[in-house]
Protein chains: 2
Amino acid sequence: MLRLPKNFESFPEARKSGFMKMKVHKDNGGKIVGTYCSFIPTELIIAAGAVPVTLCATSEEPINAAEEHLPSNLCPLIKASYGFALTDTCPYFYFSDFIVGETTCDGKKKMFELMNGIKDTYVMQLPSSRDEIALTMWEAEIKKFWKKLEDFYGVTITQEDVKKAILIKNAERDLVLEYLELGKLNPSPISGYELGTKLDTLSFIPSMEERCKQLRERIDEVKADWESNYKGKINRKPRILITGCPNGGVRDKTIKVLEELGADVVAFDACNSNREKIEKVDTTLPVTKALAKKYLNINCSVMSPNTNRIKFITDMIYDYQVDGVLEIILQACHTFSIESYNIKKAVLAKGVPYLKVETDYSKADAGQINTRLEAFLETIAV
Amino acid sequence: MLRLPKNFESFPEARKSGFMKMKVHKDNGGKIVGTYCSFIPTELIIAAGAVPVTLCATSEEPINAAEEHLPSNLCPLIKASYGFALTDTCPYFYFSDFIVGETTCDGKKKMFELMNGIKDTYVMQLPSSRDEIALTMWEAEIKKFWKKLEDFYGVTITQEDVKKAILIKNAERDLVLEYLELGKLNPSPISGYELGTKLDTLSFIPSMEERCKQLRERIDEVKADWESNYKGKINRKPRILITGCPNGGVRDKTIKVLEELGADVVAFDACNSNREKIEKVDTTLPVTKALAKKYLNINCSVMSPNTNRIKFITDMIYDYQVDGVLEIILQACHTFSIESYNIKKAVLAKGVPYLKVETDYSKADAGQINTRLEAFLETIAV
């Protein structure tokens, strides 16, 4: 049973209403920079007086068009990103002054070369490790991006501008984390489907104040609801942690189904969630070093080695009282797919059931996934 | 019709005879470092008094075992590399004191994490671009690898040691290039199947002198043969350039078939061939900078952008008088697969037919590939 608030905004609805707000922002001379990944230091974009927006990447629709240029055996998120650009069907891509990509994975790295033929696509070169050499390189990349923003917009970005943006983003991270930590409450008062959808659509709201206001209100509402209706009751639903690839494009056939089958999705080790929110930018360090350090520590599987992620997940299993872990792998995502070998071992070593689902954006495997999720929940004794 | 010399050594034969030589080397206290990729600056390994050897990665046999740990939708070269290690069936892996991997692609980067559980696997962090930031980072990685070799073997590697090794490797590159440039002769006096096989087995010969002696003899033999039997005759065979992924594991169902069907495979834009051999290490620069520059310029598709490769291929089409280009993509190799979109455009713009074959190490698609190659050759008017 899926429990959603009366005013729940679905992803398509949020995308649409965000589009109107973004148009107003743009019509008033506002600047917009399009991004695809949580490794991009959006503080710099904010410091340049622009709005960073996460671009469309979670729909099956433009994939056929993308496959005219890209191989079909490729991550659906990458194909969708490119397909939206190619078919000019992502309003946020259309509104973006330029795009900033990153060399996180092979597929995106090479896709951005083609995207650059559609719209100016600046690529940040992300290293794969976290030692001093990598940190030095990444800090240099951050300085280069700073310069790119200054040159592109013809503005000067001061240290103070960036410091202010860091405080704004850190505050947003804290708030998002407070929202996500509603999942720690037991019994769970909020649907994981709602949590994920909200976080994926947050950047469609150009005003940071509006964004934080919505989150604050919903957090307070859920907390009040918990006090009145959940506190002290015994939970009889299995509590699931979601890990792996970005799940926005497959949320309906995984997270929604789990909740319809009677589970509570309570925790996320995902790009839009704890993975990026947990570590703040250190305000005591020089700004470029602080940004470099924070973003390099995001425990995405593109990093190698990425042992942090194992500790992160096992900590979350404890903190969120998790009964089972579902790892979502998008088709042909080599880094998460290979890393899942060690994730599975670590989760099982904690005595927690683990299921890996590899899927794409088509509906073809929805029935099969449903059956597997059903069987998975049966193995979880609560 | 495949024309091979009487004393042609097949890959399995060369692997076997190399094994005996390597055993003698090892029994006499010789050092061996295993590698998988032409981005590794083998000069440093030679300077440490060790022999760099290219490890087994081109057979289907160990792939089933590898898939116990790795996803099946992954490059066969990566699965084979890991499978040989896991099943302990690569004698060179067995003899290696340690392994040196690299973060060239997502699959290898993450596979090396697992390989490190089997044998000490040191990973060089390769950047994806070629600007000053990347060059600085890669030079730091080269210095770090230098230190790793010193620490591992308890030796001091001097600048002079490295300079000597650079001269040795540059001379070998020149010789290999002279061997490859036999393909420029028209009509072609040497089989591309022979060229590729020889280059893939070269590092199985521990003695550099022996290696160069064999190449020198064969070059002289082929040149003499050309003077007597080919010079001045009219070529009636289509001349093919091979590009794309390492082709050692699929040579029999692609290159061999092309030649059996009456084509001459005359040129290679491949890891074991011109791609790594064309640029020497600059002996006028400080050694670590010179090594960094040379290796960063290898035009593998993991680099982004990698426009050099287009010029490289179109130059080769002219220099080797190429009538058709076959691009070989190993299954799920995202970088070569995506880059092939631009390669195809560039080759066709030269008026040269282009065919892309995506395959793995199984024999299942051999018949289908045969049919496609036959059709491809029919389109090439000579």
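**Exercise 1. Find which side chains meet in the salt bridge between Glu339(B) and its partner, and where the two residues lie.**

Solution. In this predicted model, the side chains of Glu339(B) and Lys110(A) form a salt bridge with an N to O distance of 2.5 Å. Next, place each residue: Glu339(B) belongs to helix α15 (residues 334-349) of chain B and Lys110(A) to helix α6 (residues 106-115) of chain A, so the pair joins two chains. Now check accessibility: both Glu339(B) and Lys110(A) are buried. Finally, look for shared partners. Salt bridges join Lys110(A), Glu113(A), Asp269(B), Arg275(B), Arg309(B), Glu327(B) and Glu339(B) into one network.

**Exercise 2. Compare two salt bridges inside chain A: Lys253(A) with Asp365(A), and Lys311(A) with Asp315(A).**

Solution. Start with the distances. The N to O distance is 2.7 Å for Lys253(A) and Asp365(A), and the closest N and O atoms of Lys311(A) and Asp315(A) are also 2.7 Å apart.

Then ask what each pair links. Lys253(A) sits in the loop between β5 (239-244) and α11 (255-260), while Asp365(A) sits in the loop between β8 (354-359) and α16 (366-379), so that pair links distant parts of the chain, 112 residues apart. Lys311(A) and Asp315(A), by contrast, share helix α14 (residues 308-319) and are four residues apart, about one turn of the helix.

Last, consider accessibility. Lys253(A) and Asp365(A) are both buried. Lys311(A) counts as exposed because its relative accessibility is 53%, over the 50% cut-off. Asp315(A), at 33%, is partly exposed.

**Exercise 3. Describe the interface of chain A and chain B: how many residues does the contact take from each chain, and what area is buried?**

Solution. First, count residues: the contact takes 40 from chain A and 40 from chain B. Second, take the area: about 3400 Å² is buried between the chains, with carbon and sulfur atoms giving 57% of it. On the chain A side, Lys110(A), His334(A) and Ile338(A) supply 20% of the area buried against chain B, more than any other three residues.

Third, list the pairings. The interface has four salt bridges and 24 residue pairs in polar contact. Helices α6, α7 (132-153) and α15 (334-349) of chain A each supply at least two residues to this side, whose residues divide into 16 nonpolar, 15 polar and nine charged.

**Exercise 4. Work out what rotation superposes chain A on chain B.**

Solution. A rotation of 180° with 0.0 Å of shift along its axis does it, at an RMSD of 0.0 Å. That is the relation of a two-fold axis. As a check, 100% of the contact residues of chain A recur in chain B, the same surface serving both copies.

Methods
Residues are numbered from 1 along each chain as its sequence is written. Chains are lettered from A and ligands numbered from 1 in the order in which they are written. This is a predicted model: local features need pLDDT of at least 70, side-chain atom pairs count only at pLDDT 80 or more; totals for chains, interfaces and linings use all residues. Side-chain values use heavy atoms; hydrogens and water are left out. Copies are superposed by least squares on the C-alpha atoms of residues with pLDDT of at least 70 in both. Contact means heavy atoms within 4.5 Å. Buried means under 20% relative accessible area, exposed over 50%, partly exposed in between (1.4 Å probe, protein chains only). Buried area is the accessible area (1.4 Å probe) that two parts lose on being put together, summed over both. A polar contact is a pair of N or O atoms within 3.5 Å; within protein, one must be able to donate a hydrogen and the other to accept it, and residues adjacent in sequence count only if both atoms are side-chain atoms. Ala, Val, Leu, Ile, Met, Phe, Trp, Tyr, Cys and Pro count as nonpolar, Asp, Glu, Lys and Arg as charged, and the others, Gly among them, as polar.
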